[in-house]
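Please open the model in your viewer and keep the sequence panel beside it. The tour below goes from one selection to the next and says what to look for at each stop.

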Amino acid sequence: MGRTAETDPPETAVEHVDVLVVGAGISGIDAAYHLTTRRPGTSFVVLDAQESFGGTWLTHRYPGIRSDSDLYTFGYGFKPWTGPPIASAEEIRSYLGEVIEENDLGRHIRYGHRIDSASWLSADNQWRIQATRTDTGEHVGFTANFLWMCQGYYRHSEGYTPDWPGLDRFAGPVVHPQTWPEDLDLEGKQVVVIGSGATAATLVPAIAERCGHVTVLQRSPTYFYAGPNMNELADMLRLLDLPEEWVHEIVRRKILLDSHALIGLSLEEPQLVKDELIKMVADMLPEGYDVETHFTPTYDPWRQRVAFVPDGDLFAGISAGQATMVTDHIEAFDEDGIVLRSGSRIDADVVITATGFDLSVLGDIDFTIDGEPLDLAQTVSYRGLMFTGVPNMAWIFGYFRASWTLRADITCEFVCRLLDHMDDLAVHRVTPHLRPEDADMELGDWIAEENFNPGYLKRSMHLMPKRGDKHEWQHSQDYWAEKVLFPEADLDDGCLAYE
Ligand SMILES: Cc1cc2nc3c(=O)[nH]c(=O)nc-3n(C[C@H](O)[C@H](O)[C@H](O)COP(=O)(O)OP(=O)(O)OC[C@H]3O[C@@H](n4cnc5c(N)ncnc54)[C@H](O)[C@@H]3O)c2cc1C
């Protein structure tokens with residue numbers, strides 16, 4: 001039954017802020033930190049639909065949940081990381097909690113506020129934001145001069161599960177890691193994990209011992225690399241009793257140097273890197289293991305994120321016979337398991353679908369610009385952080401290959417510099433627009449498929465903004481270029497119109 005005006009909770013008074021930040025994950029906390037330290041006079045709120053901070057690291061509660069990149073670069077530039085490089089969700093949340101506490105950010109954050117709509121009104125040079133309190137259902141209104149989208153890239157409420165034939169016939173539980181039930185009983189069970197990305201690699205070692213057996217069913221193999229969960233340089237620097245700020249900065253620079261070289265080599269000599277990665281995996285598996293079928297991807301390294309497996313725990317589980325890899329396609333589900341295209345079958349008590357995310361463009365918020373619905377796919381991305389025709393709005397969208405936070409940090413610096421510039425010019429509106437010399441520019445997909453191509457991006461590329469053929473109009477995946485380009489970017493080069 002539809003709600004009526006009588007049953008609708010009353011809207012409270014509209015509150016005004018200079019900046020409204022959407023999301024209290026890694027990016028939103030980064031934005032709040034930068035607003036506090038770089039622009040102490042700016043009033044702002046951070047709204048998040050969830051009951052606490054952390055975003056991804058709060059949503060995902062499956063066993064073993066951990067980062068797949070190191071926290072020296074996945075952590076912020078401004079806050080030293082002192083734990084092991086690969087961190088659990090709990091360790092990441094505790095680090096984020098310290099950032100909030102140390103910088104008194106908590107007073108700006110409102111949890112349990114789901115933003116439903118954002119409307120830009122040129123007459124007022126303001127955004128009107130409508131949110132719903134998830135505890136009371138109350139509608140809450142805000143106006144903001146600037147909207148800072150830190151909503152992440154996927155829908156938090158549920159993960160992506162393909163529509164396999166017969167799935168509803170399967171008698172046991174079907175669980176997506178993103179919505180992991182606390183009471184899921186895996187003791188002695190035959191478990192099939194579908195997918196072989198970072199999530200499966202994390203989950204399988206964490207559950208293998210208590211299950212009867214785990215089968216990892218993948219359509220195609222993934223790249224992994226493995227090593228101990230420690231950083232020798234960090235340990236050495238700590239022996240020298242250096243301040244943690246130094247350790248963080250030195251180790252961060254070393255990791256960045258090494259990963260730049262590795263990514264460069266992957267692009268220039270993909271076969272060499274491919275051979276090395278596959279050999280590393282083969283060395284951790286029993287002799288004669290069919291590495292060709294199960295661990296030799298068809299794509300070149302770094303076209304999708306390469307997951308780090310700390311201490312090779314996934315391969316230890318396979319070697320011990322607790323987990324088996326199957327590379328095949330799903331034909332259909334039946335009551336007792338999965339029938340494969342090859343004709344064989346896997347019996348299962350429980351199926352776990354580690355099949356990825358549903359990309360969510362702009363946090364599922366209804367956007368309008370002066371009453372017209374915003375179609376983001378019709379815009380061109382300005383440096384991968386603003387959009388043509390969309391005034392006073394920026395988003396944080398991190399890197400896929402390098403740590404997300406590296407781009408969040410440089411985006412925060414850029415946005416604060418832009419807000420300073422608007423103050424200097426005494427203007428109230430900034431809107432990216434194509435310059436006359438950009439008018440005939442060829443527009444393409446937001447990220448070229450040959451550059452980076454995980455499934456969730458390919459499925460949703462048609463919803464994303466367009467990319468031009470000049471760096472100003474591209475969402476680059478190149479931290480090493482952008483860390484120079486962003487601070488140097490001329491804010492008066494004509495790409496941004498001020499009013
Ligand atoms: C399991 C997993 C592991 C990962 N590991 C790594 C890694 O090791 N390294 C790496 O670089 N990246 C990793 N990523 C990518 C990761 O998502 C990002 O690095 C980072 O955590 C994103 O932070 P964020 O704050 O931008 O977005 P999110 O963490 O997605 O947080 C966005 C927040 O915005 C809120 N929000 C969204 N829409 C609305 C709305 N309409 N109203 C109110 N609130 C809203 C959400 O509730 C959420 O709390 C991983 C992702 C997953 C899922």
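Begin by selecting strand E14, residues 337-340, together with E15: these two strands pair in the antiparallel sense over three bridges. To see one of the pairings, pick Gly 337, whose bridge partner in E15 is Asp 347. Bear in mind throughout that this is a predicted model.

Now widen the selection to the whole sheet, an open one of three strands in the order E13-E14-E15 with antiparallel pairing. Strand E13 (330-334) and strand E15 (345-347) stand at the edges, and because each has a single partner strand, one side of each is left without a neighbour in the sheet. If you look along the strands, neighbouring strands of this sheet are turned by 20° against each other on average, with direction ignored.

**The parallel sheet of five strands**

Next, select E7, E16, E8, E9 and E12, which in that order form an open sheet with parallel pairing. The edge positions here belong to strand E7 (174-175) and strand E12 (323-327), each of which has a single partner strand, so that one side of each is left without a neighbour in the sheet. Within the sheet, strand E8 (residues 190-194) and strand E16 (residues 350-353) run parallel and are joined by four bridges; as a marker for this pairing, select Val 191, which has Val 350 as its bridge partner in E16.

**Strand E1 and its partners**

Move on to strand E1 (residues 15-22), which runs parallel to strand E6 (residues 139-149) and is joined to it by seven bridges. Val 21 is a convenient residue to label, since its bridge partner in E6 is Trp 148. E1 also pairs with strand E2 (residues 44-47), again in the parallel sense, over four bridges, and here Leu 20 has Val 45 as its bridge partner in E2.

**The shell around the ligand**

Which residues are the closest to the ligand? Among the 32 residues that surround the ligand, the closest are Gly 23, Gly 25, Gly 55, Gly 152 and Gly 363. Two elements, helix H1 (26-38) and E4, give two or more residues to this shell, and the largest share, three residues, comes from H1. If you colour the shell by class, you will find eleven nonpolar, 17 polar and four charged residues.

**Two residues with positive phi**

Most residues other than glycine have a negative phi, and the next two selections depart from that pattern. Asn 125 has a phi near 50° and lies in the loop between strand E4 (113-121) and strand E5 (126-133). Arg 383, with a positive phi of about 55°, lies in the loop between strand E19 (381-382) and strand E20 (386-387).

Is each of these residues buried, partly exposed or exposed? Asn 125 is partly exposed, because 15 other C-beta atoms lie within 10 Å, whereas Arg 383 counts as buried because it has 21 C-beta neighbours inside 10 Å, and the cut-off for burial is 20 or more.

**The two domains**

Finally, zoom out and colour the protein by its domain assignment, which gives domain 1 (14-156 + 358-498) and domain 2 (167-353). The C-alpha centres of domain 1 and domain 2 lie 29 Å apart, and the contact takes 26 residues from domain 1 and 30 residues from domain 2. On the side of domain 1 that touches domain 2, the residues divide into 14 nonpolar, seven polar and five charged.

Notes. Residues are numbered from 1 along each chain as its sequence is written. This is a predicted model: local features need pLDDT of at least 70, side-chain atom pairs count only at pLDDT 80 or more; totals for chains, interfaces and linings use all residues. Domain bounds come from an automatic or database domain assignment. Two residues are in contact if their C-beta atoms, placed from the backbone, lie within 7 Å. Ala, Val, Leu, Ile, Met, Phe, Trp, Tyr, Cys and Pro count as nonpolar, Asp, Glu, Lys and Arg as charged, and the others, Gly among them, as polar. A residue is buried if 20 or more other C-beta atoms lie within 10 Å of its own, exposed if 12 or fewer, and partly exposed in between; C-beta atoms are placed from the backbone. Two strands pair if DSSP finds at least two bridges between them. Axes are lines fitted to C-alpha atoms, for helices over the stretch in contact, and angles run from 0 to 180 degrees between N-to-C directions. A residue is near a molecule or strand if its C-beta atom, placed from the backbone, lies within 6 Å of it.
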